Amino acid sequence: MKELADPHAIVRYEIEKPRSSTNYLRTMYVFLSGFLEARWARELHLRRLWLALAVLLAVTGVVSAEQAATLRIAHPLGYGGKESPDPISPTRFYELNELLYDRLLRQGDHGEPAPDLAVSWSASDDARQWTFKLRQGVTFHDGTAFTAADVVYSLMRIKSEKIASPTRSVLGFIDKAEAIDDSTVKVTLANPDADFPFLLMDYRARILSSRGRADKLDELNETGIGTGPFKLVKLDATGTTIVEAFPGYWEGRPKLDRIEIIAIASDDAQVQALLAGQIDFLGSVQNAKLPLFKGPGFVVQSVATGDWSGLVMRNDKPPFDDVRVRRALRLLVDRKAMRGLLAGAEGGTITCDHPIWSGDPYRSEIDCPADPATAKKLLADAGHPDGLEVDLYTSDVAAPGIQMAEIYQQQAAAIGVKVNIKVVPADGYWTKVWTKVPFCFTDWSQRPADQVLNEVFRSKADWNESGFDHPFFDWLLDAARREMNVDQRKELYTLAQRMLYEEGGTMIPFTKNNFRVTTKQVSGLPPVQDFAIRWNEVAKAQ
């Protein structure tokens with residue numbers, strides 16, 4: 001706040017000027033809160049006045065949580081209370097971190113890299129060195145200035161083996177990041193990558209404050225201090241986490257005063273909470289449950305995405321260590337029938353066991369009709385002429401975990417495969433079950449081709465959930481990153497997608513059209529991916 005010659009006169013004027021109902025009280029509350037952050041606040045003894053006003057406002061309801069513009073959302077407690085406000089933590093608190101931090105680059109209107117904390121960028125001819133010019137005048141929640149040093153810190157810690165962040169599979173090939181000056185960063189890659197800006201849109205590649213932590217690249221940063229539209233007030237992953245609007249946000253003060261993130265473990269419980277008015281927003285609702293929200297009190301959005309759910313077979317666990325078994329258990333699937341039952345005929349785009357969505361320039365179109373006859377022959381060749389029995393672990397940690405397993409069970413039975421469904425709690429699913437069992441449900445959000453292929457299928461990737469291990473596949477990914485010609489790069493990615501269809505262990509039936517539901521009071525929410533939402537623009541009518 002700018003220094004004032006006579007702050008006492010300002011206070012006198014605010015107290016004595018004509019009053020206008022509760023709006024005046026709210027204005028005074030905000031005004032005095034700002035004064036307390038000034039150097040001379042302690043000299044004015046304003047704290048007592050502010051506290052007295054706060055009591056008055058609480059009594060009148062002017063600034064109560066119920067009367068303030070408060071949005072309530074749910075999170076599924078997928079990490080069982082281990083959710084971390086460090087965006088690169090293996091147990092990152094996604095719903096919270098979206099609100100606290102900005103990225104260098106964010107998704108544009110058509111999915112392209114767009115300015116966020118970086119306003120411009122350029123590459124060397126060989127795409128190994130990238131230079132970023134940073135936005136000036138940005139501050140962190142603690143009032144310190146955002147500079148190039150914070151970018152260097154945030155990018156370099158991704159490489160930490162001690163933190164073991166899954167983001168390392170995406171951005172670990174950054175060789176070094178250097179602060180040229182306070183508003184310029186140069187990033188040198190270990191290998192060229194013509195699509196590097198796409199990777200910086202990763203929802204975890206957030207910029208944190210390096211103050212007092214620049215030399216602590218192997219430690220989690222759980223302060224919650226970012227440059228995002230909201231600042232952390234209370235962290236309670238198993239209860240209610242609270243953030244409040246950051247008045248100093250560089251795009252302007254958010255329209256919401258407060259967001260509460262409430263732990264609700266199961267999908268069914270989240271739906272019931274929205275119907276009961278206990279929350280205002282659900283990022284994903286199953287097609288079968290949409291009729292519950294046809295009333296005038298709700299708004300349903302359909303968002304074309306690269307989100308996908310699937311069933312994962314561990315390539316290193318029997319019987320899935322035989323490629324013939326893996327292929328048979330994927331070939332038996334009638335993807336169109338599964339899509340119709342899970343999402344409706346218009347609920348997504350059929351894909352053939354690779355995760356590249358229809359909006360990605362590197363997607364390969366593969367035809368994959370159900371082929372039960374070939375599936376049976378492959379099982380017989382693998383030593384299972386009479387079929388086999390497998391356990392499939394699933395959960396309501398995300399839609400459509402249980403229903404997908406049930407549909408798969410019915411389709412598999414037609415070729416003599418008995419699927420025993422093991423339903424496990426949503427609480428802790430991603431830490432206790434996922435990647436730990438031979439066959440289970442999985443759920444992913446949209447990622448660019450470069451990112452998702454490296455993060456989910458590269459041999460040594462931390463989140464290589466199926467244990468897919470193929471040196472030639474890894475070579476294809478490296479070659480694609482080096483290739484400057486777009487058409488040739490697409491050919492390399494096409495071969496990689498074909499390999500997943502022929503040899504992989506992940507059954508991916510379709511990419512989703514996501515159905516998002518809010519109460520009618522919520523506005524400013526465009527039909528975009530969750531990680532592309534501009535939360536400072538979201539509002540809620542009182």
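Reader: Hi! Before we look around, what is a pocket here?

Author: Hello! A pocket is an open set of grid points with protein on both sides within 12 Å along at least five of seven lines. Keep in mind that this is a predicted model.

Reader: Got it. How much space lies in the second largest pocket?

Author: The second largest pocket holds about 780 Å³ of space.

Reader: And which residues lie nearest its centre?

Author: Those are Q107, G108, H110, G111 and E112, out of 38 residues that line the second largest pocket. Strand 2 (105-107), strand 3 (113-115), strand 12 (298-313), helix 15 and helix 17 each give two or more residues to that lining.

Reader: Which element gives the most to the lining?

Author: Helix 15 does, with 3 residues.

Reader: How many of the lining residues are charged?

Author: In the second largest pocket, 11 are charged, while 19 are nonpolar and 8 are polar.

Reader: Speaking of charge, how many salt bridges are there in the whole structure?

Author: A search turns up 32 salt bridges. In general, side chains of opposite charge can pair when their charged atoms come close.

Reader: Cool, can you walk me through some? What does D195 pair with?

Author: D195 forms a salt bridge with R489, and their closest N and O atoms are 3.2 Å apart. D195 sits in the loop between strand 7 (184-189) and helix 8 (196-199), and R489 is in helix 17 (residues 486-503), so this pair ties together parts that are 294 residues apart in sequence.

Reader: Are those two buried or exposed?

Author: Both D195 and R489 are buried.

Reader: Nice. You mentioned helix 15 earlier, so what about E455?

Author: E455 makes a salt bridge with R204, with 2.5 Å between the closest N and O atoms. Because E455 lies in helix 15 (residues 449-457) and R204 in the loop between helix 8 and strand 8 (230-234), the pair ties together parts that are 251 residues apart in sequence.

Reader: Why do E455 and R204 get the label they get?

Author: Buried means under 20% relative accessible area. E455 has 0% relative accessibility, so E455 counts as buried. R204 is buried too, with a relative accessible area of 2%.

Reader: What about E365 and R363?

Author: Their side chains meet in a salt bridge at 2.8 Å, N to O. E365 counts as exposed because its relative accessibility is 62%, whereas R363 is buried, at 7% relative accessible area.

Reader: Last one: which residues do salt bridges with shared partners join into one network?

Author: That network joins R106, D116, E251 and R534.

Notes: Residues are numbered from 1 along each chain as its sequence is written. This is a predicted model: local features need pLDDT of at least 70, side-chain atom pairs count only at pLDDT 80 or more; totals for chains, interfaces and linings use all residues. Side-chain values use heavy atoms; hydrogens and water are left out. A salt bridge is a side-chain nitrogen of Lys or Arg within 4 Å of a carboxyl oxygen of Asp or Glu. Helices (H or I, at least four residues) and strands (E, at least two) are DSSP runs, numbered from the N terminus. Buried means under 20% relative accessible area, exposed over 50%, partly exposed in between (1.4 Å probe, protein chains only). On a 1 Å grid over the protein atoms alone, a cavity is a set of points where a 1.4 Å probe fits but cannot get out, and a pocket is an open set with protein on both sides within 12 Å along at least five of seven lines; lining residues have an atom within 4 Å of a point. Grid points are joined across faces, edges and corners, and a volume is the space filled by probe spheres set on the points. Ala, Val, Leu, Ile, Met, Phe, Trp, Tyr, Cys and Pro count as nonpolar, Asp, Glu, Lys and Arg as charged, and the others, Gly among them, as polar.
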